[in-house]
Structures are given as structure tokens and as C-alpha cells.
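Trainee: I would like to learn how to read a few features of a protein model, one at a time. Could we start with a helix and what it packs against?

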Amino acid sequence: VEEETNKYENMATQQEDEEKALVIWSIINCPIPDGLDPCLVVPRIQTALEKSRRGRPYGPLSITAISNNLTEIPGEDVMRKLSSAGISLKHAHRVSTDMYQWARRNPPPATIMVISGHVELECLASTFSGLKNKGYRILLTYPQRDPVLASLPKHCFWETLLSDTDNNLETTTRLVFPYRLDHGTGELPWSCSVCHYDAPTFEDFTKHLKCETHAYFEWDMYASKNNVDRTNPANLQLGRSPEWDLLAKESMLYRSAIRKQRGAFAPPKRSKMWVDATTFK
């Protein structure tokens, strides 16, 4: 009995000492080199984390691969392999949202590794500084062709991380799927931030990325950023498909109504046009 008690006490102490870690990987800025098995990415990342801090073990590790063009980079076959290896997949245009959401649920001490190009990392410099001041450990990885960012936290090259073949290091990280705060649907590893959609399966996720609803919301985001008048039918590419026309006309009518009803009785502003999940099937 005493041995069993000591065993559980040691396990509890180890869990308390373990440090959570998040890895956000911009796969479009740091693609997998040709010839490398995608399934090797997870153990290489785990090894890099363990080497960066031998004194304190890492516990739960969440890895999310982000791109705004996952069907092309890395492609559906590679996506399937990454997903089977325990990596979450997210269609998104930036990585900052995931950092904030994860930090809200995981107080320091904790580690956040961001794998991306130097342009995006430089844009996030103030974010990294704020998280570092709160007690988070920030690690950056980017392509070797990019210039060294002396003003940013500790870094390593993407090529170095992937080429590390040290198999003698015993890793303590446990790969887990991150819980998504924005939807509260549970640990779903496939999501689209543009359409606010969490897919229940990998097949549903890839199907969504190819559907007209997703294509319209991508265009709608582009139009918003470029000040395109979405109440003008000439700008809506009508006739592309029945699904596209339905979404475009609904959006056009809604925006026209907002313009006509400015003032105290105007409908509340909404940032996105919400669509029932059945639309994506």
C-alpha cells in the first residue's frame, strides 16, 4: 500500500512540475521539405522543445498547423498525415488569435513556440514581448534564409529543427489537441477561422475548404480589406454558382438595409454572416 501511495504521489509531483507548451506552425511560411516524411515533424518538434529546456519536463503539448491555403500547401495527402500524427489543422490568415486564446487557458509558466517567416514574426514582436513579461517562454523558429532577429526571443532555424536526428533524447511531451475557446465545441482539431467552422472529421474539413460557402467568405474578407462595395451587384461575381449567388445576394441585401437604416433603429452590426452547419455539407 505504501509503495502504491508513493507511486501516485510521485506521479502527482511530476505533473505539477510539467510545463504546458503550444506550437503554432505557419506551414505556408515554413513548409515541409520535399522528401521528408510529414509524420517526423511531431517528434522533431518534441525533441527541439526538450533540448531547449532540459531542467524542467514538458507535459501536454498542442501543435497547430495554420495556413490560408491548406489544400495546396501542404496538400490533402500531407494534411491527412499531419492530422494522423496528432497535429491540429486550421485555415487562418494569422497566428496571433490562437496564442491569445491558449494563453487565457494556460497561465505561466508555459512555453509558446511560433514557427513562421521573419516578416510575420516581426509583426508579432510586441505580442511576444507582452507574453514574455507575463512569464511565458517564447521560442521562435524560421527559415535559415531569413535574417537573424536579434531583438526577438530565442530562436532556431526551421531547417535545423527538421534535420535533427538525435533519437537518444527521451521526450516527456504528451501531444494533445487544443480546446477551442471561440466555439466551445470541444477538442476538434480541424477548424476554419474565416467561416467560424469546426469540422467533426478530417473529411468534413477538406470538403468545407473546397465548398462555395468557404470560397465566398474568403472573397468577402478580401473585399472588406480592400474596401470593395458589396452592395453593388457588379462586384459580387454573380452567376458563379447557385450557392455563391445565394450567399452574395443575402449579404448584399443585408448591407443595403444597414445603409438605409442608419441611426437609432439600425440593425445591430455583425462581423460575420453566420451560416448553419448544414450549409457546409
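Mentor: This is a predicted model. Take helix H6, whose buried residues pack against helix H4 (96-105), strand E4 (110-115), helix H5 (118-123) and strand E5 (136-142).

Trainee: Which residues of helix H6 (residues 125-133) are buried?

Mentor: Thr127, Phe128 and Leu131 are the buried ones in H6. Viewed down the helix axis, the buried residues lie within an arc of 100°, so they line one face of H6.

Trainee: Which residues are exposed on the other side of H6?

Mentor: Ser126, Lys132 and Asn133 are exposed there. After H6 comes Gly135, with a positive phi near 115°.

Trainee: Now a strand. What should I look for in the side chains?

Mentor: In a regular strand, side chains alternate between the two faces of the sheet. In E4, Ala110, Ile112 and Val114 point one way, while Thr111, Met113 and Ile115 point the other way.

Trainee: How many of the residues of E4 are buried?

Mentor: The count is 6 of its 6 residues, and E4 is described as mostly covered. The residues pointing either way from the strand are all buried.

Trainee: Which strands pair with E4?

Mentor: Strand E1 (residues 19-26) runs parallel to E4 and is joined to it by 5 bridges. For a point of register, Ala21 has Thr111 in E4 as its bridge partner. E5 also pairs with E4 in the parallel sense, over 6 bridges. There, Ala110 stands opposite Tyr136 in E5.

Trainee: Is strand E3 (residues 88-91) covered on one face or on both?

Mentor: On both faces: Ser88 and Lys90 on one side, and Leu89 and His91 on the other, are all buried. As for its pairing, strand E2 (residues 58-67) and E3 are parallel, with 4 bridges. His91 in E3 is the bridge partner of Ser67. Strand E8 (residues 190-192) is also parallel to E3, joined by 3 bridges. Lys90 has Ser191 in E8 as its bridge partner.

Trainee: Which helix belongs to the β-α-β unit with E2 and E3?

Mentor: Helix H3 (residues 71-84): E2, H3 and E3 make a right-handed β-α-β unit.

Trainee: Where is Ile87 placed, and is Ile87 buried or exposed?

Mentor: Ile87 is in the loop between H3 and E3. Ile87 counts as buried because its relative accessibility is 0%. For the surroundings of a residue, set aside its sequence neighbours. Leaving out those within four places, Ile87 is in contact with Trp25, Val41, Val42, Ile63, Thr64, Ala65, Leu82 and Phe177. The C-alpha atoms of Ile87 and Pro189 are 7.4 Å apart, with these positions 102 residues apart along the chain.

Trainee: What share of the contacts with a separation of 6 or more comes from residues 24 or more positions apart?

Mentor: For the protein, that share is 68%. As further background, there are 10 helices and 9 strands, and buried residues make up 44% of the 281 residues.

Trainee: How many aromatic pairs does the structure hold?

Mentor: It holds 6 aromatic pairs. In one of them, the rings of Tyr216 and Trp244 have centres 5.4 Å apart and planes at 85°, so this pair is edge-to-face. The pair links distant parts of the chain, with Tyr216 in helix H9 (residues 212-225) and Trp244 in helix H10 (residues 242-260), 28 residues apart. Tyr216 and Trp244 are both buried. Together with Phe217 and Trp219, they form one aromatic cluster.

Trainee: Last, the cysteines. How many disulfides does the structure hold?

Mentor: A disulfide is a covalent bond between the sulfur atoms of two cysteines. The structure holds 0 disulfides.

Trainee: Why is there no bond between Cys192 and Cys195?

Mentor: The closest cysteine sulfur to that of Cys192 is in Cys195, at 3.8 Å, which is too far for a bond. The cut-off is 2.5 Å.

Trainee: Are Cys192 and Cys123 buried or exposed?

Mentor: Cys192 counts as buried because its relative accessibility is 1%. Cys123 counts as exposed, at 62% relative accessibility. The threshold for buried is under 20%, and for exposed over 50%.

Conventions
Residues numbered from 1 in each chain as written. Predicted model: local features only at pLDDT ≥ 70, side-chain atom pairs only at ≥ 80, totals over all residues. Heavy atoms only, no water. Buried < 20%, exposed > 50% of the residue type's maximum accessible area, 1.4 Å probe, protein only. Phe/Tyr/Trp six-rings, centres within 6.5 Å; stacked < 30°, edge-to-face > 60°. Helix = DSSP H or I, 4+ residues; strand = E, 2+ residues; numbered from the N terminus. Arc of directions from axis to C-beta. Contact = heavy atoms within 4.5 Å. Pairing = 2+ DSSP bridges. Right-handed = clockwise from strand over helix to strand, strands pointing away.
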